[in-house]
Amino acid sequence: MTLELSRLRKAYSQFDFGPVDLTVEAEVLAVLGPSGSGKTTLLSLIAGITSPNSGSIQLDERELVGLPLEDRRVGMVFQEGALFPHMTARENIAYAAAAIDRVDELATLLELEDVLDRKPPTLSGGERQRVALARTLATDPDVLLLDEPLSSLDAPIRKRLRDELHSLFESLEIPILYVTHDQRTATALGDRIAIVRDGDPEQVGSPSTVLTRPTSRFVARFTGNENLFEGKVTDRTADGATVRFGNIQFQTTASDINTSTVTVCIHPSRIEIEAPYIADGDRTANAVTGTVSRWLNEGSEYRIDIEIEKGAITLTANVRPPTFERLALENGSEVQVLIPKESIHLIPEL
Amino acid sequence: MATGSHSNRSGTGTFGFDWLSVALVLGGVLLLYYVVPMVSLFLSIPAGEILARMDNPTVVDSATTSLLSASISTVIATLFGLPLAYWLARTDGAVTKVVLAVVVLPLVLPPTVGGIVLLTVFGPSSPLGEAAIAAGFPLTRSLAGVVLAQTFVASPFVVVTAKAAFESVDQTLEYASRSLGKCRWTTARNVTLPLAAPGILAGITLAFARAIGEFGATMMLAYYPRTMPVQIWVAFIELGLDNAYPVAILLVLIAATALLVLNTVASNPWE
């Protein structure tokens, strides 16, 4: 199955959606964007809840635009589940199922056996979303759309359900669009990620590419690349470019840059912190010294601001707790900052 | 009395007035104004005598006419009103506002004016009325006339109340149903109507209660066959107040039943 959107456009009084071109094979495409970026509109257009002004949506040669939503074979899991409140969990799933065996099969798959005879208001958020997913899967859809199904759940349940979804999606072999504003969910579940802005996929690529090789400042900021600086390319070789920002030269592996002004982009998780007296034995990394000006314990990691060159630039780095404790970091600590060449990403400024 | 001892919290005003007590008294007086006449009606005539007069042919005939005509009017109002209510609930815009205003018009129009309006279309001298008489199915001075008058006045209750009931059903649920491959009609039957049912039933109950009590427009269109409100008026004018009591009591009982339905199976729109 291949879902293909071409020149899809929808005009609203507030903003214009598209034109969007997007191809989704039998894979999980995580659609990531801030609220109001048109993520839900994209799903509504594919599902048939909204009609586009122009463009086409093809599912293996079958044109979906113009078809009523009941004839599209597009399954949608809504944000809060949209379960029918007057039906039990079993009735909700059976309503959609072609054969009654399917209800028990899906209940087993999604571990719903114990809640089948309860009505939605008495179910927990996680249970509701699993019933909603079972109900949608009961129709054996050709495409699966999910609209932030985990956003209203507590962290532990969200993580568990995310793991479950991951293995479930692999077994489905249909195009799956998963809308979320949470970068972690997107990278965990998506085979590819599309970063959308005003409905338009600004960058589509593998999670690691989108995270470390953003093509625009918007994508960079939205994927957590907090270190963004204006820089000048001072030298180009076959191995990469040299870039200057904050009065320091940095070696990069960037080879396809043909403008002299660039946005330098370094993901905080790609920066390493060491004690100042340890010599840089690793010649592939740029090394500068700096002073810790602020730190924040975020649980699984520490977020540290380091002032370089007396505050000419401030780098933000994520540090794992063992490193933070080994170096006994505090405000004012002098540290050595190691930035591997390949971790400095350059975005051409036109 | 205006400065009761339990008045510390409600704030004694500049003029030494206890506004909470004043408000309670005002509301209390109004409540008594509702209840006292009702009780007085039942006390003004011995229970035995009421029962004895209940099988009087005029009482039985008017009750039959009223129950039959109000039932027909309510069915018509529901059949024609529900689709309109659904459309109003699911559309937004200038046209919707105008349509809603048209629906509410019979509610604010004095019933006698409603009757006059209807006579211009269905009256014996109108083309439609004339044709109907020629076909042996007169639209005035007939059960049909009663139904026309009652439907005009009572059907807005179905539309307005059912509209609110449909609006309370999250449209996402309808989208969900249709995305599961169910057509609009299956969705309406299995999702929208069951969820809106208590509100729709409230609308139907209110319409029935209004149809049963309809007097003004009915008088203009169909003095005969006599409905209960017309019979009360005729009995009062020709025979005196005492003779109007039995039918009035019947009507009070029907109204009480409607209230009971509203507060049990239906969802009371005014709650």
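Trainee: Which residues are exposed on the other side of α5(A), the side away from its buried residues?

Mentor: Exposure is read from neighbour counts (20 or more other C-beta atoms within 10 Å make a residue buried, 12 or fewer exposed, anything in between partly exposed, with C-beta atoms placed from the backbone). Here Pro156(A), Arg160(A), Asp163(A), His166(A), Ser167(A), Glu170(A) and Ser171(A) are exposed, whereas Arg158(A), Leu161(A) and Leu165(A) are buried. This is a predicted model, in which local features need pLDDT of at least 70 and side-chain atom pairs pLDDT 80 or more, while totals for chains, interfaces and linings use all residues. Residues are numbered from 1 along each chain as its sequence is written, and chains are lettered from A and ligands numbered from 1 in the order in which they are written.

Trainee: Why do the buried residues of α5(A) line one face of the helix?

Mentor: An α-helix has 3.6 residues a turn, so residues three or four places apart point the same way. Seen down the axis of α5(A), the buried residues fall within an arc of 70° (taken over the directions from the axis to the C-beta atoms), so they line one face. Their cover includes α4 (125-137) and α6 (183-189) of chain A.

Trainee: What span does α5(A) reach, and what follows the helix?

Mentor: Helices are DSSP runs of H or I with at least four residues, strands runs of E with at least two, both numbered from the N terminus. Helix α5 of chain A, residues 155-172, has 18 residues and reaches 25 Å from first C-alpha to last, close to the expected 26 Å (1.5 Å times one less than the number of residues). After α5(A) comes Glu173(A), with a positive phi near 55°.

Notes. Contact = placed C-beta atoms within 7 Å.
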